[in-house]
Amino acid sequence: MTAHSELRLLPWAGPDGKPCYLSTDDDSSHLSRLADTTESIQLGLASDLVTRALVL
């Protein structure tokens, strides 16, 4: 198994609400790409939220 420091924290929780981690050597795997896309969407939404909050 990969050392904990080499695990990638995924941008979603598991069914029990605990963090999910990915252990892979392939940054272009389907799950890695899905995590990248999800993180990008979450960061975009967060940016929009901060912009709207500043207006208020």
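**Exercise 1. Is Asp 36 buried, partly exposed or exposed, and what is its relative accessible area?** Then work out what its side chain is paired with.

*Solution.* One thing before we start: this is a predicted model.

- Step 1. Asp 36 has a relative accessible area of 36%. Buried would need under 20% and exposed over 50%, so Asp 36 ends up as partly exposed.
- Step 2. Now look for a partner. The side chain of Asp 36 meets that of Arg 8 in a salt bridge, at 2.7 Å from N to O.
- Step 3. Place the two partners. Arg 8 sits in strand β1 and Asp 36 in helix α1, so this pair ties together parts that are 28 residues apart in sequence.

**Exercise 2. Which residues are linked with Arg 8 in a network of salt bridges?** Build the network up pair by pair.

*Solution.*

- Step 1. Start with the count: the structure holds 2 salt bridges.
- Step 2. You've already met the pair of Asp 36 and Arg 8. The other partner to check is Glu 39, whose side chain meets that of Arg 8 at 2.9 Å, N to O.
- Step 3. Glu 39 belongs to helix α1 and Arg 8 to strand β1, so here the parts tied together are 31 residues apart in sequence.
- Step 4. Put the pairs together and you get a network of Arg 8, Asp 36 and Glu 39.
- Step 5. Check the cover. Arg 8 is partly exposed at 23% relative accessibility, and Glu 39 is partly exposed too, with 26%.

As background, side chains of opposite charge can pair when their charged atoms come close.

**Exercise 3. Which side chains of strand β2 are buried, and which are not?** Then trace how β2 pairs with β1.

*Solution.*

- Step 1. Walk along β2, residues 19–22. Cys 20 and Leu 22 point to one face and are buried. Pro 19 and Tyr 21 point to the other face and are not buried.
- Step 2. That fits a general rule: in a regular strand the side chains alternate between the two faces of the sheet.
- Step 3. Bring in β1, residues 8–13. The strands run antiparallel and are joined by 3 bridges.
- Step 4. Match up residues. Arg 8 has Leu 22 as its bridge partner, and Ala 13 stands opposite Pro 19.
- Step 5. Close the hairpin: 5 residues lie between β1 and β2, and Gly 17 in the turn has a positive phi of about 85°.

**Exercise 4. Where does Asp 25 lie, and which residues form the negative surface patch?**

*Solution.*

- Step 1. Asp 25 is in the loop between β2 and α1, the helix that covers 30–55.
- Step 2. Its relative accessibility is 84%, so Asp 25 counts as exposed.
- Step 3. The negative surface patch is made up of Glu 6, Asp 25, Asp 26 and Asp 27.

**Exercise 5. How many Å separate the C-alpha atoms of Leu 43 and Arg 8?** Do the same for His 30 and Ser 40.

*Solution.*

- Step 1. Leu 43 is in helix α1 and is exposed at 62% relative accessibility. From its C-alpha to that of Arg 8 is 17 Å, with their positions 35 residues apart along the chain.
- Step 2. His 30 is also found in helix α1, exposed at 59%. His 30 and Ser 40 are 10 residues apart in sequence, and their C-alpha atoms are 15 Å apart.

How values were computed:
Residues are numbered from 1 along each chain as its sequence is written. This is a predicted model: local features need pLDDT of at least 70, side-chain atom pairs count only at pLDDT 80 or more; totals for chains, interfaces and linings use all residues. Side-chain values use heavy atoms; hydrogens and water are left out. Buried means under 20% relative accessible area, exposed over 50%, partly exposed in between (1.4 Å probe, protein chains only). Helices (H or I, at least four residues) and strands (E, at least two) are DSSP runs, numbered from the N terminus. Two strands pair if DSSP finds at least two bridges between them. Patches are made of residues with over 30% relative accessible area and no salt bridge: like charges are joined within 9 Å, nonpolar side chains (Val, Leu, Ile, Met, Phe, Trp, Tyr) within 5 Å. Accessible areas come from the Shrake-Rupley method with a 1.4 Å probe; for residues, only the protein chains shown count as cover. A salt bridge is a side-chain nitrogen of Lys or Arg within 4 Å of a carboxyl oxygen of Asp or Glu. Lys and Arg count as positive and Asp and Glu as negative; His and the chain ends are not counted. The place of a charge is taken as NZ of Lys, CZ of Arg, CG of Asp or CD of Glu.
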